Amino acid sequence: MTSSQFQLSAAEAEQPPVVTAMGDIDLANVNEFSDVLTRAAADSDAITVDLSDVTYCDSAAVRALFAVAATTKLGLIVPATGTIMTLLTISGLDRVATVTTRD
Amino acid sequence: MHRILERMQSDLLDAVGLAITVHDKRHDEHPSVLADLGAGADFVDAQLAGIGGPVPDALAYQVPVLSLDLWTDDRWPELTLAAMRDRAPQHESSWEQVHGAVAVPGVWADDATVVVCCTLSQPAGAATVASLINYEQLVSAALITTAAENATAIADIITVLQSRGAIEQAKGALMGLVRCDAEHAWKMLRRGSQEFNVKLRELAVALVEHISGAPAEQPDTGAPITPDERTREAARLMWAALSETPLPQ
C-alpha cells in the first residue's frame, strides 16, 4: 500500500487537522496509520479521523485510535452501519471519542 | 505476574481491582484468572459465569473494551452493583467504589489469549486503555517466556485454576493416605495422570468420587468435570496401589 492510503490535511481556520483513511487497516499498515495519527496530534489538541472509506479495520486500528485519544480530543467520522460502527460500540471507543455518522 | 500487577497498581492510581485472565483454547479450557489484586478475580468470575462484561467481550472480539460507568453500561445490563453485591458481598465496599473499567486482550500463542483488566474509582479514559495496552504486552511477553521455558507449566497452572476444589480435595485425600506433604501429593497426581494418560483434573475428580462415593467439588465457571470410565479405572488402580504401600514408619 502506498502512503496515500492515509492522508493528513492541515488544520484550517477553526477546524482541527483531518486524517482521512481508506481501504483496509490491519497489522500490515497499522504502524503507518499510527504515525500519521501521531503527526496530526503533535501540534493540535484535537484531531478528526475520517473512516468513511475504510473497507476493513480490526483491533490494531482500535488500539491506535485509543492511543491517540489518550492525548488528544478525537473526532471520528464513520459509516452509520457496518463493522466499524460495531467495533466502536463493542470497544467503547465511541464513549471517549466524538462520533459523527455518515450514511 | 503479581509483580506486574503491583506495578500496574502504582501506575493506575484510581485502580480498585486488577486481574489477568488467560484462555488457552488448545487445551479446550475455559478462561481462568491467572493473577489478581483487589476484587479482580471475583469481578472476572462473575462476568465469565454468564453475566457478561468487558472481559468476555475483549476475549470474544479481541479488541480493547472501555466502560465509563460499568454498573450502568447498557452493553451489559446484567452487570450491576446489585448483582455483584449478591455474588460477592465480601467485596461490597470495592463494588461501591467502581465506576470505570478497561479490558485489553492479547494473543501470546496460537489459540492462547490473555486479557488484562482493571476497575477504577473514576470513569475510564483512553489513557487507561493506552496504559493497559502496554501492560498487556508485558504480560504476554512473560507468558511467552514461561511457555518457552516449560511447555507444561502453563497448562498445569491453568488446570489447577480450573479445578482448584477437586484437586485440593484429591491432594488432601492422598496426603492422608500416604502421609505426605501437599507437594508430594501434587507430584503423585501428576505422575498418575501421565502414567494413565488421563487429564489431571478428571483424575482428581475421579479419585475424590471413588474415595468418598459422593460428587466432587466442581469448578465455579465452565462445564462440570465428568471423568470417563478409563479415568475412573485409573483412579481405582491408583488408589488401590497406594493403599497397599506400607506407611513409612
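B:Val102, in this predicted model, touches ten residues beyond its immediate sequence neighbourhood, which are B:Pro54, B:Pro64, B:Val65, B:Leu66, B:Cys117, B:Cys118, B:Ala124, B:Thr128, B:Val129 and B:Leu132. Residues up to four places away in sequence are left out of that list. B:Val102 also belongs to the largest nonpolar core, which has 79 residues. Together with A:Leu65, B:Cys117 and B:Cys118, B:Val102 touches the most other members of this core. Helix H2 of chain A, residues 59–69, contributes the largest share of the core, namely eight residues. Apart from this core lies another, of 19 residues, including B:Ile167, B:Leu207, B:Val208 and B:Met238. In soluble globular proteins, nonpolar side chains tend to be buried together.

**The contact between the chains**

The contact draws 15 residues from chain B and 13 residues from chain A. On the side of chain B that touches chain A, at least two residues each come from helix H3 (54–61), strand S3 (65–67) and helix H6 (126–149). H6(B) provides the largest share of that side, five residues. By character, the residues on the side of chain B that touches chain A comprise eleven nonpolar, three polar and one charged.

B:Val63 offers a detailed view of contacts between the chains. This residue sits in the loop between H3 and S3 of chain B. Leaving aside neighbours within four places in sequence, B:Val63 is in contact with A:Ser59, A:Val62, A:Leu87, A:Ile90 and A:Ser91, and also with B:Ala58. B:Val63 is buried, because 25 other C-beta atoms lie within 10 Å and the threshold for a buried residue is 20 or more. Within chain B, B:Val63 and B:Val104 are separated by 41 residues in sequence, yet their C-alpha atoms are 6.8 Å apart in space.

**Chain A**

Chain A contains four helices and five strands, which follow one another along the sequence in the pattern β-β-α-β-α-β-α-α-β. The radius of gyration of chain A is 12 Å, close to the 13 Å that the globule rule gives for 103 residues, so chain A is as compact as a globular protein of that length. The C-alpha trace of chain A spans about 30 × 30 × 25 Å along its principal axes.

The average pLDDT of chain A is 89, and 97% of its residues score at least 70. Among the elements of chain A, the lowest mean pLDDT, 87, belongs to strand S1 (residues 6–9), and the highest, 95, to strand S4 (residues 73–79).

In chain A, 37% of the 103 residues are buried. Of the contacts in chain A between residues at least 6 apart in sequence, 66% join residues at least 24 apart.

**Chain B and its domains**

Chain B has eleven helices and five strands. Of its 249 residues, 44% are buried. Among contacts in chain B with a separation of 6 or more, 62% are between residues 24 or more positions apart.

Chain B is divided into domain 1, covering 2–150, and domain 2, covering 163–244. The C-alpha centres of these two domains of chain B lie 31 Å apart.

**Loop residues of chain B**

Two residues of chain B that are not glycines have a positive phi: B:Arg179, at about 55°, and B:Asn197, also at about 55°. B:Arg179 lies in the loop between helix H8 (164–178) and helix H9 (182–195) of chain B. B:Asn197 is placed in the loop between H9 and helix H10 (200–212) of chain B. B:Cys180 is found in the loop between H8 and H9 of chain B. Leaving aside neighbours within four places in sequence, B:Cys180 is in contact with B:Met175 and B:Ala185.

The table sets out the surroundings of these loop residues.

| Residue | Other C-beta atoms within 10 Å | Exposure |
|---|---|---|
| B:Arg179 | 10 C-beta atoms | B:Arg179: exposed |
| B:Cys180 | 16 C-beta atoms | B:Cys180: partly exposed |
| B:Asn197 | 9 C-beta atoms | B:Asn197: exposed |

B:Arg179 counts as exposed because its 10 C-beta neighbours fall within the limit of 12 or fewer. B:Asn197, with 9 other C-beta atoms within 10 Å, is likewise exposed. B:Cys180, with 16 such neighbours, is partly exposed.

Methods: Residues are numbered from 1 along each chain as its sequence is written. Chains are lettered from A and ligands numbered from 1 in the order in which they are written. This is a predicted model: local features need pLDDT of at least 70, side-chain atom pairs count only at pLDDT 80 or more; totals for chains, interfaces and linings use all residues. Domain bounds come from an automatic or database domain assignment. A nonpolar core is a set of buried Ala, Val, Leu, Ile, Met, Phe, Trp, Tyr and Cys residues joined through C-beta atoms within 7 Å. Two residues are in contact if their C-beta atoms, placed from the backbone, lie within 7 Å. Ala, Val, Leu, Ile, Met, Phe, Trp, Tyr, Cys and Pro count as nonpolar, Asp, Glu, Lys and Arg as charged, and the others, Gly among them, as polar. The radius of gyration is taken over C-alpha atoms; the globule rule is 2.2 Å times the number of residues to the power 0.38. pLDDT is the predictor's confidence in each residue, from 0 to 100.
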